Each structure stands twice: as structure tokens, then as C-alpha cells.
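Work through the exercises below with the model open. Each task is followed by a stepwise solution.

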Amino acid sequence: MKPLVVAIDGPASAGKSTVAKQIAKDFNYIYVDTGAMYRCATLLAERNHLAFNDGKAIVEVLKNGNLTFRQEADGQHVYFDDEDITLAIRMPEINAHVSEVASLEEVRHYLVSLQQAYGEKGGLVMDGRDIGTCVFPNADVKIFLVASVEERAERRHKENLEKGIPSDLEQLKVDIARRDHLDETREISPLTKAKDAILVDTTGMSIEDVVAKIEGIMKEKEE
Ligand code: CDP
Ligand code: CDP
């Protein structure tokens, strides 16, 4: 069967990475978390004391190292060179600046080129904001996942507490709504549903149900 390119887009905490990882596992596909790439750019900007609007300088530090995803016993980890940055990129100060960094043309141009290179052979699930509209406009399967802000904040809050990440539910609602707004209204590749993407509203849906729905769509495509 033909290895597919599956694009999963949607707002913060809609469940994109959770379902994308499961689908990649079930189909033996590569999973690429593009949000982690923008988060890495933001972490590097912070550590190097760069202005969060200085796209040129941020791309320079990105190019000075290697951003990689590695499969480990407890799941996928994100590395920049030899440092495991999986947890560091989820901290509140990164949430606060990532949408600004992700709005920079130089940063998007560079990271999109890395993302497109992953898709050359198919057999890929990629999640983000612009995968179906910009990174892979010809993806075999395009999904747009949504859920209410309340449910998304509650999901993220629970996840943060489990991972030991500082979390405040009311602050999360504000942060998620603010990031959605920035992502939807930015000039370059804003968060929007591709015309040919399938909308899946996951409010009240379990992870298993969402995975089953998307895998059903993929199987139809494969045939
Ligand atoms: O996991 P969560 O939904 O909180 O966010 P993420 O997927 O890790 O993405 C973090 C931020 O990166 C988003 O709020 C967007 O501003 C940006 N992003 C983007 O612009 N384009 C992508 N393809 C992926 C993420
Ligand atoms: O990648 P994205 O930001 O869209 O969301 P995520 O990190 O996959 O999901 C955020 C949290 O919601 C995770 O803790 C998931 O386990 C949870 N979740 C859920 O409870 N029900 C769903 N249908 C999907 C995700």
C-alpha cells in the first residue's frame, strides 16, 4: 500500500500530537511535531538573549545546531544537538513567546524547508498549523482538529500537572485563546482549515475515537 502523507492541523491542545503519535505508531509512519520546532526556535532566542522579532538572528542560531527527534522508551524526545529540550520547550515562558517567533517570515521559511524534506518518501504524519495549507498542500489526508477552548485548557492543565509543568487553568484558557488569535490572524500561513481538510470536532470525544476516525479516513485513501 502507498505510504501516505497525513497533515493534522488545528488550534492549541486540540489533541493533534496525541492522535498523530498513535496513528504513526499504528501505521509505522514517522511523526513530526512542527510545533516543537517553533518552540525550539523560541527557546534558542530566549537563551541567546535575542529579540523575539529578530528572525534573521534566530535562524542563524537554529542553523548552528541540529534539531532532531529521537524515539526513546517513553516516547519521542526533541534534541538540539546533544541536549534533550523536550521539557524545556513546554515551559510557560516559551508558550508566552512562541506565537510571536512563529510569525516571523525567516523562521517559517527555514523550518518549513526542514519539514518538507521529511515528507519526500511519504509514510509521515505531521501536525501543526499550516501543514495542509502550506507545508504539504498536496497531502493525501488532511485533518483539521478542533475542540472548545474550555475543554482544550482542561486537557492541557491535566497534562501539565502529570508532567510536573507549572499550570494554572484560568491562565491556560487566556494563553490558549491568545495564541489561537495570534495564529489565526498572522500574515504568513495563518492557522486556517484547508478547503479540502476534513473537520473533526473532538469536544467530548475520546482519544481512541478520534484516532479510529482518522485511521478510517486513511484506510479509505489507501485503497
Ligand atoms: O501543543 P500546542 O498546541 O500548545 O502548540 P504547538 O503545536 O507546540 O505549537 C506552538 C506554537 O507554534 C503555536 O501556537 C503556533 O504559534 C506555532 N506553530 C506554527 O505557527 N506552525 C506550525 N506548523 C506549528 C506550530
Ligand atoms: O498537539 P495538541 O496541542 O493539539 O494537543 P495534545 O498535546 O495532543 O493534547 C492535549 C491534551 O489533551 C493531552 O494531554 C491529551 O491526552 C488530551 N486529549 C484528550 O484528553 N482527548 C482528546 N480527544 C485528545 C487529546
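**Exercise 1. Characterise the shell around ligand 2 by residue class, then by helix.**

Step 1. Sort by class. The shell around ligand 2 holds 6 nonpolar, 5 polar and 5 charged residues. Keep in mind that this is a predicted model.

Step 2. Find the closest members. Of the 16 residues that surround ligand 2, the closest are Ser13, Lys16, Ser17, Thr18 and Arg156.

Step 3. Assign helices. At least two shell residues come from each of α1 (16–27), α7 (149–163) and α9 (207–222).

**Exercise 2. List polar atom pairs of ligand 2 with Lys16, Arg155 and Met205, then state how much of the ligand is buried.**

Step 1. Take the oxygen side. The side chain of Lys16 places an N or O atom 2.8 Å from an oxygen atom of ligand 2.

Step 2. Take the nitrogen side. A side-chain N or O atom of Arg155 is 3.5 Å from a nitrogen atom of ligand 2. Met205 uses its backbone instead: an N or O atom there lies 3.0 Å from a nitrogen atom of the ligand.

Step 3. Add the area. Ligand 2 alone exposes 540 Å², and the protein buries 83% of that.

**Exercise 3. Repeat the analysis for ligand 1: shell, polar pairs and coverage.**

Step 1. List the neighbours. Ligand 1 is surrounded by 20 residues, the closest being Arg39, Arg108, Arg179, Asp183 and Arg186.

Step 2. Sort by class. The shell divides into 5 nonpolar, 5 polar and 10 charged residues.

Step 3. Assign helices. α2, α4 and α8 (169–185) each give at least two residues to this shell. The largest share, 4 residues, belongs to α2.

Step 4. Check polar pairs. Oxygen atoms of ligand 1 lie 3.0 Å from a side-chain N or O atom of Ser99 and 2.8 Å from a polar side-chain atom of Arg108. A nitrogen atom of ligand 1 is 2.9 Å from a side-chain N or O atom of Asp130.

Step 5. Add the area. On its own, ligand 1 has 530 Å² of accessible area, and the protein covers 97% of it.

**Exercise 4. How do α2 and α4 pack, and which residues make the contact?**

Step 1. Read the geometry. Helix α2 (residues 34–47) meets helix α4 (residues 92–101) at about 105°, with the axes 9 Å apart.

Step 2. Classify the angle. Angles of 65 to 115 degrees count as roughly perpendicular, so α2 is roughly perpendicular to α4.

Step 3. Name the contact residues. α2 contributes Tyr38, Arg39, Ala41, Thr42, Leu43 and Glu46. α4 contributes Glu93, Ile94, Asn95, His97, Val98 and Val101.

Step 4. Sort them. The contact has 6 nonpolar, 3 polar and 3 charged residues.

Technical notes:
Residues are numbered from 1 along each chain as its sequence is written. Chains are lettered from A and ligands numbered from 1 in the order in which they are written. This is a predicted model: local features need pLDDT of at least 70, side-chain atom pairs count only at pLDDT 80 or more; totals for chains, interfaces and linings use all residues. Side-chain values use heavy atoms; hydrogens and water are left out. Axes are lines fitted to C-alpha atoms, for helices over the stretch in contact, and angles run from 0 to 180 degrees between N-to-C directions. Angles under 35 degrees count as roughly parallel, over 145 as roughly antiparallel, 65 to 115 as roughly perpendicular and the rest as oblique. Contact means heavy atoms within 4.5 Å. Ala, Val, Leu, Ile, Met, Phe, Trp, Tyr, Cys and Pro count as nonpolar, Asp, Glu, Lys and Arg as charged, and the others, Gly among them, as polar. A residue is near a molecule or strand if one of its heavy atoms lies within 4 Å of it. A polar contact is a pair of N or O atoms within 3.5 Å; within protein, one must be able to donate a hydrogen and the other to accept it, and residues adjacent in sequence count only if both atoms are side-chain atoms. Accessible areas come from the Shrake-Rupley method with a 1.4 Å probe; for residues, only the protein chains shown count as cover.
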